[in-house]
Each structure stands twice: as C-alpha cells, then as structure tokens.
Amino acid sequence: SNAAFSLNGDEYQLTKNDGHNCLHGGESNISLRYWEIHDQSDMHVIFKLRLVHLEDGFPGNRDLYVRYYLSDDNALNIQFNVISDIDTPINLTNHAYFNLGEQNIEDLIFKLNAKELLERKCNGLPTGRLLNTTETGFDMYSWVRVKDFIESNQYEQNIVEEGIDHCFV
C-alpha cells in the first residue's frame, strides 16, 4: 500500500507500479527475470535468482529458490525458499495455470496447508490482520473438490467476488 513500508524502525520506498501501490515486487518483479538453473535431475529442477539490497526498494541481499518436483505419486510440487542477510518482507506464490483436459476446474481436488490468511480490503490490498482459516470457511487441510468448496464457502468476500484471491500463511 502506497509503495512504502517500515520494518525494524527503517522506512522503505518501493516502486509504484499499480497506481500508488507496489504490486508483485515493483516494475522489475521476479516473474520478469531470468532465473538460473541451480540444480536438476529427472525428477526435479531448482531455479535460483539473486536480488541485491534495495533492489526495487526491498531490503536485504536475497537468494530465491523455487523447486519443481514430481512426487512418487506423480504429483507436481512447488517449494519456495529464500535466504536473506537481513529481515525483509517476502511472499512468493505461483500463478501458473494448467489445462488438465477438463472444461472447468469444478471437479479438481486440492488442499492447502495454511492456518491463516491475510484479510483484504475491497481493493485487494491486505489490511495486515491475520484471520484463522477455519473461521472463514478456508479449512482446507483435507482434499476438497473445487465445486464443493465454492458451494459450501460462507466467507462473504469470496461470495461477493465469486472466487479466491488471498494470501495464505
């Protein structure tokens, strides 16, 4: 919000790329960068990206790693890791969309290992308040069919917006 934040008593100014806000790390966000292959095998690949202190305004020299791997049951897994030399805010996610041959996603099943999510304002910006997922209908520790989740979810923001666009913790 407002392309700025404070952390440990220091103020940081970020790149504005969404009106007055900083979205997805600023103008040169990591989705637009070339990552190097750090390690690979037949079952996995690990990509690495190095970000230097105050790049796009964020503190810390940061090494970002994303590992894509197939599990024994042939499921695609994605694991994120970050090493920073000082405290820094970071929230990595994946926005890949796959067409798995279905007309829609209603019959796909998913689970999410998150106990909290960030509350959002109507404009999509987080308020900073953490909500317990069970209190919002987001208790997804067990596999659930997308259609069943949508139909049974009672969290007003999901109903009004007809979907989920939240930061899970």
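How many bridges pair strand β1 (residues 4–7) with β2? In this predicted model, the count is four, and the two strands run in the antiparallel sense. Within this pairing, leucine 7 has aspartate 10 of β2 as its bridge partner. The turn of the hairpin leaves two residues between the strands, and asparagine 8 takes a positive phi there, near 55 degrees. Just ahead, in the segment before β1, sits alanine 3. Alanine 3 also has a positive phi, of about 50 degrees, although it is not a glycine. With a relative accessibility of 0%, alanine 3 counts as buried, because the cut-off for buried is under 20%.

Alanine 3 turns up again in the largest nonpolar core. That core has six residues in all: Ala3, Phe5, Tyr12, Leu14, Cys22 and Phe58. Tyrosine 12 has a good number of neighbours from elsewhere in the sequence: leaving aside residues up to four places away, it touches Ala3, Ala4, Phe5, Leu7, Leu54, Gly57 and Pro59. Another core, of five residues, lies apart from the largest one, and its members include Leu131, Phe138, Met140 and Phe149. In soluble globular proteins, nonpolar side chains tend to be buried together.

A second hairpin comes later in the chain. Here strand β8 (residues 116–120) and strand β9 (residues 126–132) run antiparallel, joined by four bridges. Arginine 120 has proline 126 in β9 as its bridge partner. Five residues lie between the strands of this hairpin, and glycine 124 takes a positive phi near 90 degrees. The two strands also share a salt bridge, between arginine 129 and glutamate 119, whose closest N and O atoms are 2.9 Å apart. Arginine 129 belongs to β9 and glutamate 119 to β8, ten residues apart along the chain. Arginine 129 has a relative accessible area of 48%, so it counts as partly exposed rather than exposed, a label that calls for over 50%.

That contact is part of a wider set, as the structure holds six salt bridges. In another of them, the side chains of glutamate 55 and arginine 33 meet at 2.7 Å, N to O. This pair links distant parts of the chain, with glutamate 55 in the loop between β4 (44–51) and β5 and arginine 33 in the loop between β2 (10–13) and β3 (36–40), 22 residues apart. Both ends are partly exposed: glutamate 55 has a relative accessible area of 23%, and arginine 33 has one of 22%. The two do not stand alone, since Arg33, Glu55 and Asp56 are linked in a network of salt bridges.

Aspartate 107 and arginine 145 form a further salt bridge, with 2.8 Å between the closest N and O atoms. Aspartate 107 lies in the loop between β6 (76–84) and β7 (109–110), and arginine 145 lies in strand β10 (residues 144–145), so the pair ties together parts that are 38 residues apart in sequence. The two partners fall into separate accessibility classes. Aspartate 107, at 52% relative accessibility, counts as exposed, while arginine 145, at 27%, is partly exposed.

The surface has a nonpolar side too. Met43, Leu70 and Leu76 make a nonpolar surface patch of about 260 Å². Leucine 70 is located in strand β5 (residues 62–70), and its relative accessibility of 33% puts it among the partly exposed residues. In the loop between β5 and β6 is asparagine 74. Like alanine 3, asparagine 74 is not a glycine and yet has a positive phi, here of about 70 degrees. Unlike alanine 3, which is buried at 0%, asparagine 74 is exposed, with a relative accessible area of 59%.

One more asparagine rounds out the picture. Asparagine 153 sits in the loop between α2 (146–152) and α3 (156–161). Despite being in a loop, asparagine 153 counts as buried, at 5% relative accessibility. Between its C-alpha atom and that of leucine 51 there are 39 Å, with 102 residues separating the two along the chain.

Key. Residues are numbered from 1 along each chain as its sequence is written. This is a predicted model: local features need pLDDT of at least 70, side-chain atom pairs count only at pLDDT 80 or more; totals for chains, interfaces and linings use all residues. Side-chain values use heavy atoms; hydrogens and water are left out. Two strands pair if DSSP finds at least two bridges between them. Patches are made of residues with over 30% relative accessible area and no salt bridge: like charges are joined within 9 Å, nonpolar side chains (Val, Leu, Ile, Met, Phe, Trp, Tyr) within 5 Å. Accessible areas come from the Shrake-Rupley method with a 1.4 Å probe; for residues, only the protein chains shown count as cover. A salt bridge is a side-chain nitrogen of Lys or Arg within 4 Å of a carboxyl oxygen of Asp or Glu. Buried means under 20% relative accessible area, exposed over 50%, partly exposed in between (1.4 Å probe, protein chains only). A nonpolar core is a set of buried Ala, Val, Leu, Ile, Met, Phe, Trp, Tyr and Cys residues joined through side-chain atoms within 4.5 Å. Contact means heavy atoms within 4.5 Å.
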